[in-house]
Amino acid sequence: MTDFPILSEDDDLFTSAGLRLTVDLSALTENWRDMARRSGAARAAAVVKADAYGTGIEDAGEALYLAGARDFFVATVDEGVTLRLYAPEARIFVLSGIWPGTERRFFDNDLVPVISSDEQLAFWMAVLADYGDYPCALHVDTGFNRLGLHIDDAVALANDVSRPASFAPVLVMSHLACGDDPSHAMNRQQLESFRRVTAAYEGIDSSLAASAGIFLGEDYHFDLTRPGIALYGGEAVSGMANPMRPVATAEARVIQVRTVGAGETVSYGRALQLGRESRLAIVSAGYADGYMRSQSSGGVPLRQAVPQGGQGFIAGHKVPVAGRITMDLTIFDITDLPENAVRAGDYVELFGKNMPLDDVARAAGTIGYEILTSMGLRHERRYVAEE
Ligand SMILES: *Cc1c(COP(=O)(O)O)cnc(C)c1O
């Protein structure tokens, strides 16, 4: 009846998935080596929070470990417990710190809490009194005003002779607010503030730079850098050509190709009226497969940046989204492609090697980080690596 592809039972699930993600582990490790080189004399850690930015903490963490990464940052203790299985000898820092009731999980899995508030510090001192020596990291706020000890408190703590001998920070760190904008005066201000901290904690490793900070140069590198997004191929510095290799490629299956007459409308709200007879590809991915940042309270470029909306890549061409994206489905206009170039069962690349992640993010009014970490639960994942 039709040439609709019928797959045999032996076919890998991946070849028939509605939405699939291919993660290139060679590109990931090459990106890590690249960031390690750019970190100069500093060691490069690997930030693998949020399931390694959506690429899978087990496989990505193990690949980075085998490539030589020995310092890792995760956001939560659960992420640290998972990573420990794949990075046996690594130092694993937990950015959200420690909370009463979770001490055993830290000790049993050899995880290092990042202490970033007075409450956490007080709790940590009490824990040490019970359990004895154990390493920790200190996060000091230098102007971001998210997590971190107040700078004066951190300096006072360094000089406090009455603090317990078992209190053994192995790292002091801070985080830049404007690292992605190299010309921003805030970078220098935070650098100067952080130098006050490192002077007080002489002899203890220090860390300031995430991906963007690495590009700010040697002054920002200290002993340990903390690249995240750059490892996964995302853009760290706005307005600079992105030197990283793409790592994640997301593709959605075409469920149906339909021809629609001139003057008809497409999708909810009749949001698009077609000026010509058109061919449309209906594709199995929608907003339930990616949560949009457009609802932030401020600082979001929303839709002004790319008024015509997003694009996908299929049959060697970029094709525009047609009308509103819906929960499970997106419609692409393929009228400009040769007839029969696209058939049901083909895949549209949503982002990846041919559709740069950050172009997709700009069209969505968000950042590559959010696109990567928003794929939800409905996709199949596959790993590839060069031999
Ligand atoms: C997420 C995070 C990083 C990594 O940032 P990227 O911009 O992804 O490189 C580094 N440090 C801290 C404290 C973070 O929260």
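## Salt bridges in a predicted model

A network of salt bridges links Arg188, Glu192, Arg195 and Asp219. The model is predicted. A search of the whole structure gives 22 salt bridges. The exercises below take up three pairs.

**Exercise 1.** Find where Glu30 and Arg33 lie, and state how their side chains meet.

*Solution.*
- Step 1: Locate the pair. Both Glu30 and Arg33 belong to helix H1, residues 25-38.
- Step 2: Count along the helix. They sit three residues apart, about one turn.
- Step 3: Check the contact. Their side chains form a salt bridge, at 3.3 Å from N to O.
- Step 4: Look at accessibility. Glu30 is partly exposed at 26%, and Arg33 is partly exposed at 34%.

**Exercise 2.** Decide whether Asp71 is buried or exposed, and do the same for Arg43, its salt-bridge partner.

*Solution.*
- Step 1: Confirm the bridge. The closest N and O atoms of Asp71 and Arg43 are 3.0 Å apart.
- Step 2: Place the partners. Asp71 is in strand E4 (residues 71-74) and Arg43 is in strand E2 (residues 43-44). The pair links distant parts of the chain, 28 residues apart.
- Step 3: Apply the cut-off. Buried means under 20% relative accessible area. Asp71 has 7%, so Asp71 counts as buried.
- Step 4: Turn to the partner. Arg43, at 38%, counts as partly exposed.

**Exercise 3.** Work out how far apart Arg362 and Asp359 are in helix H10.

*Solution.*
- Step 1: Helix H10 covers residues 357-363.
- Step 2: Arg362 and Asp359 are three residues apart there, so about one helical turn separates them.
- Step 3: They form a salt bridge, with the closest N and O atoms 3.0 Å apart.
- Step 4: Arg362 is partly exposed at 35%. Asp359 is partly exposed at 34%.

Notes:
Residues numbered from 1 in each chain as written. Predicted model: local features only at pLDDT ≥ 70, side-chain atom pairs only at ≥ 80, totals over all residues. Heavy atoms only, no water. Salt bridge = Lys/Arg side-chain N within 4 Å of Asp/Glu carboxyl O. Helix = DSSP H or I, 4+ residues; strand = E, 2+ residues; numbered from the N terminus. Buried < 20%, exposed > 50% of the residue type's maximum accessible area, 1.4 Å probe, protein only.
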